[in-house]
Structures are given as structure tokens and as C-alpha cells.
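Student: I would like a close look at a single part of this model, the place where the two chains meet. Could you take me through it carefully, together with the charged pairs that belong to it?

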Amino acid sequence: MAQQTLPMRRPVEFLSRVCGTTGLRIDIAAQNLILTNAATAIVFLLLGGIMGMLLGLTRWPEISLLSSVPDIYYRFLTAHGMNMLLYWIIFFEVAGLYFGCAIVLNARLVMPKLAWVAYGLMVIGAVMSNIVVFMGEASVMFSAYVPLKASPLFYLGTILFAVGALIAVILFFATVVVAKAEGRYKGSLPLVTFGLLTAAIIAVTTLLGGVLTYVPAFLWSLGLMNLDPEVYRLNFWSIGHPAQQINLAAMVSIWYFLAHITVGAKPLNEKLSRFAFVLYILFINLGSVHHLLVDPGISIPFKIFNTSYAMYLAVLGSMIHAFSIPGAIEAAQRIRGYTKGLFQWLIKAPWGDPGFSSMWISLVMFGFIGGTTGVVMGHEQINILHHNTMSIPGHLHSTVVGGTTIAFMGVTYYLIPLLARRRLVGAVLAKYQPYIYSFGLLFIIFGQMGAGALGVPRRIVDAFYEGAPIEVAFPALADTGLSIAGIGTIIASIGGAMFVGVAVLSLFFGKRIEEGKSILEKQPEPSISAEERHKVKVPGAFVLVFVFLVVFTLVWIGNMLWLGKVWPVN
Amino acid sequence: MPIHSPEKVWWKPIGRQERIWFWVSFVFVIVMFISMPIWHLLADQNTPHLSYRVTPERFTAIVSEFTKRYQVGSENGIPIVHPPAGEIYLLARQYQWMPILELEKGKTYHLHVSSADVNHGFSIQPVNMNFQVVPGYDYVLEITPPDAGEFTILCNEFCGIGHHKMSGKLIVKE
């Protein structure tokens, strides 16, 4: 048996308390680290969010806030990318990893002092890069393509941040191993930890990609070595995209966690869900090449095999989760008695619980919009139509924001009462926040995709081309798309501010929850044996995934027909 | 439970609905994968695969010689060239496309595009076709313009502070 292969160690005592809601033993050192990392993440979210609002108001043609100062716009655009894609998300993921290993496994976090060192390195790196960017020494965008040069401190900041994150990931692995050796949990890893383990494995390869990218770039910026621009692009996307795959694995784990804690959902089939996570590990990093589909110097077979994540097998992983999670929710709801028709389980779901609504919105936005457009835009030939147009930010806002950020926000509404033991301040705001935020986001996403389809480039201060040698005019509809995105920016900013306000106020001023008291009012679990649970049918989720497949097919076929109409090229 | 170790039932056979969805998804992703090589065989719009290494200095020299040989006019200081079908050249540099190409409808050209400085994005509008331009690499796009008219070339890779002024032109004559 598996648990006997590791030598048992005498468990080390640690300061802990028992969670009143889940019955889990909570390591106080881990708890403090989780809360600090998550709170730091929210600070960077606020900073990146303010930047995002200013950018959105600039690209709204009727407002054009910063159009007269492109220098400032490009600084803010770089800062928006760095703060959102790296600092907000990775600080939060470190919190998630500590949660997944120490808390879920009833274990102690090994070497908490080293975890604080990791935190310190990440903060120093993030602050350093931010200062350089705001001083205008690194207006090179998130991707920082060589030979567009930034101050060496920009690359150094990113290296420090990546080293800190790598230490945190190593501590996650160490904690999982030690927890096993000390007998903190029996049997296999729980699914949430298993999912986070895949995120951590992907994080290791990603952060090594970061070393491969930023160390040469740092040396190059100091004039110590030459760096081929295409090699840099290939290396950059070995961190740039896999970083999003860490998000994906972490986000899916959070979906399982939130579905469980909000409606008591249990995975339909642990084997299949785990298999889907393994597909991510095996294939998903290959997908980074889909950023290089219309690049010189890379062969066609390499592009096709890699962009499809090895025959789209990682996409298959996501499609498995796309059924497993709604299916698990449906089964839990049906067991609870919501059995009428195809969709009573969904209609009667706890829509007023921000944990549940965030989870569902995240799932739908990621799947229906982010997943479909991502796979289709990353199709080898279809990419010709989308590369570097506004459609790309349209897509990435539906994955990174609509998917990951909304899931992270949703879990925050549970982390605060569970770990900080404080009730939410402004629970009414929290209740409506996921809807307002995602409503604004839909405007941004479709506005950007519309403008992109009409040819508007991304990463450009405005689309007026004033003072350009050749006059440029886009179809009027492109301006409409940008205006829609602008309106969405305002709505999403309100939703974002609601989140930050509720989270920060609750952390510091929320009403204390007594030790050992459950935060869940209702008793979720009707008792049912595992065998009976296994027999519950989920026709509603089954219909939903086929609706999803139809949407996916339409997006794909539509793009292929469009591609057939443009100029022949080879 | 996702936060507890799995119950013993977890290695039981996968349910029927999950099995159906798994195999439908599997077929779907394989069809999608195969569509890429098939498109290469059957359709006309494919990502170009031919590229050469070239230093920015050498490519700039080639373009200026090419411009001198076929120049027929100029617009706002940018030369207009009318080359015969075959090898044609376009240089991207901060923040300009050189020269303005005048092509003929239905003829096939090998458009060599490269950069004199940083990454740029080659974007023909309103056709909306987009390619990456990387310094040190001569990317060869075999194009056959099917429509006459004036087309804009935009830069859609961030290339510096003047990125939003980098526009060029492509003319296709009947």
C-alpha cells in the first residue's frame, strides 16, 4: 500500500487551531502566510485595476484620456500587464498553494521562515519592476520583446520575483511529502490538492522558463551578451503562456473547492477528474508556441504539433472538467431534492452566495468565451486573422479575468471567514459584485474582439493615427466596439472596487467569528452512500456540454470560413 | 470530497454520460487537429514557412537598392515602387514601412519582410492578415492579391513610443 512506502516520521508539533466549518486542523504559521500573500495580491490587483481603468478610458475614442501622452499610456500598459498577469495572480496562487498543502492536508507548512523569505523576494522584485516601469525606464510591455530594451533593474526585478515564487512552490512539494511522512492524511491526495499539485508542477517548468528568458535578457541589457530576438520570443512564451496554465490548473482546483463548499458537490468520478489534470501536465506547456504561429524561423510541423498542445489533448482535459464540475453540482443539488426537469438544480442554486456565483460565472466565461476563442485563435492558420489585433486582449480578458480572477475573487469571500475568521463587511456588496464585475467584463471582451476583427491593433494608444505618414481609417463599427469596451471598463472598475473594498474592510474590520464556529448556516449534507451517489444521473449538465460543443464548433467553422475569404498566402 | 481523500468508489467504472462526453470530446479535438494539416493541402491561406537569416544592415541595403531600381513616385516622402512579379521587399523600422508597394492584381509575389531595429507586426487592412516581423529574420510571404485597391499596412507589435504612428500602404492595380 502506498502509505507504507514512505518511512513514517514522528510528527512535529505545531501551533494550530481546529476549523469550525471543515474540521480541518489549521497551522497558524500557514494561515498567516496565506492571508499575507492573498492581501498582497489584492494590493497589486488594485494597482493593476486602476491602470486598467485608465487604459480603457484612453481607448474609448470619445474620451481618449491619455491619447495626448502616449509615453504615460505605454508605461501604464506595461504596469497593467505586469501587475495583473504576474503579481496579482502569482501572489494569490502562492496563497492557494499553501492552503492546498498545509490546510487541506491537516499538516504543518514546512520551514515557514523560508516562506517569508520567498514572500520578501517576491515583494522586492515586484516593487522594483513597478518603480522602473512607472519611471518610464521599461515601457516594453509585459512581453518585453528583445531588442526593445528596458532598464536592467526591470529584468532583475522579475528574476527576484520568480526566484521567490520558485521557493514557495518547492515548499509546497516539501509540505506534501512531509505531511505524508508524518501521517497527516491517509490514502490519496484530495482532489483540490491534486489539482494544485499539477499547478505546482507546471509552475516549476514555467519558472525555469522564466530563468531561461530573463537571465539572458538581464545580461543582454547590461551589454554582456547577444540575444537573438526569435530565441527570446520562443523562451519568453515558455513562461508567458505556461504562467496562464498555472492559473488554469489553480482555477479548476478552486472550482472544485467552491462547488464543494457552496453546494456540497463531490467529483462525479475522481479517476476522470485526475486524468484530466494529468493531461495538463503532459501537454499544456507545448501550447506556448501558439504565440509564434505567424513568426519566421519556425517550421510548420513544429507549429502544428505544439500549438495544438499535442493534438489538443490538453483541451480534452478542460473539456472533461467542463462536464465534471457542472455534473458534480447537478448531482449534489439533485440529492438535495432539486430533481424537477432538466435545470431545477441550476435555477435553485445559491445565486446569492458570491462563492457560488463567482465559480459559475468563471466556469461559463472561461469555457464558452475564453476556451473557444483561445483554441480557435490559436489554430495554426486562423491565427493569421487575429495575431496581435485587439481580439487577443479580448480573448485574454475572458480567460485571465473572466476565468481566473473571478474564481480567485470568489474563493476570497470564503478565505476571509475561514482563515481570518472575520465576517464579510458589506455582504450585500459581495452578493452583487460577481454580477456587476462580469457584466462590465462582457462589454470589454466583446468590444475588444469586435474592434480586433475589424483590424484594430492591440497595444496602441489610440487608433486615430494622427501625424502618421499614411492616413488610416477603420470602419465606424470598430469605434463602436472600442466604445463598448470603454463602457465596460467603467462597470468592471466599479465591480473591481467593490471586491477590493469588501476584502480589505473585512480583513481589518470584519466582525470576529468565534473559534470553532461554522460559517455555514445550513447543514449541506443529506447522508447518502458513495455507491448511491455514483448512480445519480446528470442530464442537465449533459445538455449544457453539448450546447457548449455547438458554440465551440460555430466559432471554429465561422473562423475557417472567414479565413477562406482573405488573400491567398503561403 | 475534493478536500478529503477519495472514497473507495473512485476507481469504479466511469459513468455512461461521462464516457459519451469523453469520446465525443476526443473525436472533436482530433478532427480539429487534423484540420490544420488538411488546410495546408487543400486551402490557399497558410502560414508561410520560408524564412532566412539576414542582418538588419544587409536587409536595409537590399531594400534601398530595390527601391532605387523600381521607384515610380513618392507620397509624403515615402517612395512608391512598382516591381515585376517575383521577389519584392518591405522594411519595417521605427516608425515607418518602406517603401509603398504597387502590385498587380492576381500576380504572385514573394514578399520579403524584415525589421531594421525591433519586433514589428505586419498587418494588412482592411483584409486583416497579420504576421510577425522579427529583426534578423527575412520572412517570405507568398501573396497573390485578388482585389485591386489601396490597402493600409499597420504595425501591430508594440515597437516603441511612436508605435501608433507607424502606417504604410500597399497599392494593388487592376
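Tutor: Contact here means that heavy atoms lie within 4.5 Å, and by that criterion the contact takes 111 residues from chain A and 87 residues from chain B. The model is a predicted one, and side-chain atom pairs count only at pLDDT 80 or more, whereas totals for interfaces use all residues. The size of an interface is often given as the accessible area lost when the parts come together. For chain A and chain B this buried area is about 8,700 Å², with 69% of it on carbon and sulfur atoms. On the side of chain A, the three residues I470(A), W567(A) and N570(A) supply 11% of the area that this chain buries against chain B, more than any other three residues.

Turning to the polar side of the interface, the rule finds 35 residue pairs in polar contact across it, both residues being at pLDDT 80 or more. Helix α18 of chain A, residues 539-563, contributes 12 residues to the side of chain A that touches chain B, which is the largest share. Three salt bridges are found across the interface of chain A and chain B, while the structure holds 16 over all chains.

One charged pair deserves a slower reading. The side chains of R459(A) and E157(B) meet in a salt bridge, at 3.2 Å from N to O, and these two residues are linked with R233(A) and D295(A) in a network of salt bridges. Within that network, R233(A) and D295(A) form a salt bridge of their own, at 2.6 Å from N to O. This pair links distant parts of the chain, with R233(A) in helix α6 (residues 229-240) of chain A and D295(A) in the loop between α8 (270-283) and α9 (300-307) of chain A, 62 residues apart. Because its relative accessibility is 0%, R233(A) counts as buried, and D295(A), with a relative accessible area of 1%, is buried as well.

Beside these charged pairs, the nonpolar packing also involves both chains. The largest nonpolar core has 258 residues, and those with the most contacts inside it are W88(A), F154(A), I329(A), W97(B) and F122(B). Helix α2 (residues 70-103) of chain A gives the most to this core, with 23 residues. In chain B, domain 1 (8-42) and domain 2 (51-173) both give residues to the core, so it lies between them.

Methods
Residues numbered from 1 in each chain as written. Chains lettered and ligands numbered in written order. Predicted model: local features only at pLDDT ≥ 70, side-chain atom pairs only at ≥ 80, totals over all residues. Heavy atoms only, no water. Core = buried A, V, L, I, M, F, W, Y, C linked by side-chain atoms within 4.5 Å. Buried < 20%, exposed > 50% of the residue type's maximum accessible area, 1.4 Å probe, protein only. Helix = DSSP H or I, 4+ residues; strand = E, 2+ residues; numbered from the N terminus. Domains from an automatic or database assignment. Buried area = accessible area lost by both parts, 1.4 Å probe. Salt bridge = Lys/Arg side-chain N within 4 Å of Asp/Glu carboxyl O. Polar contact = N/O pair within 3.5 Å; in protein donor to acceptor, adjacent residues only side chain to side chain.
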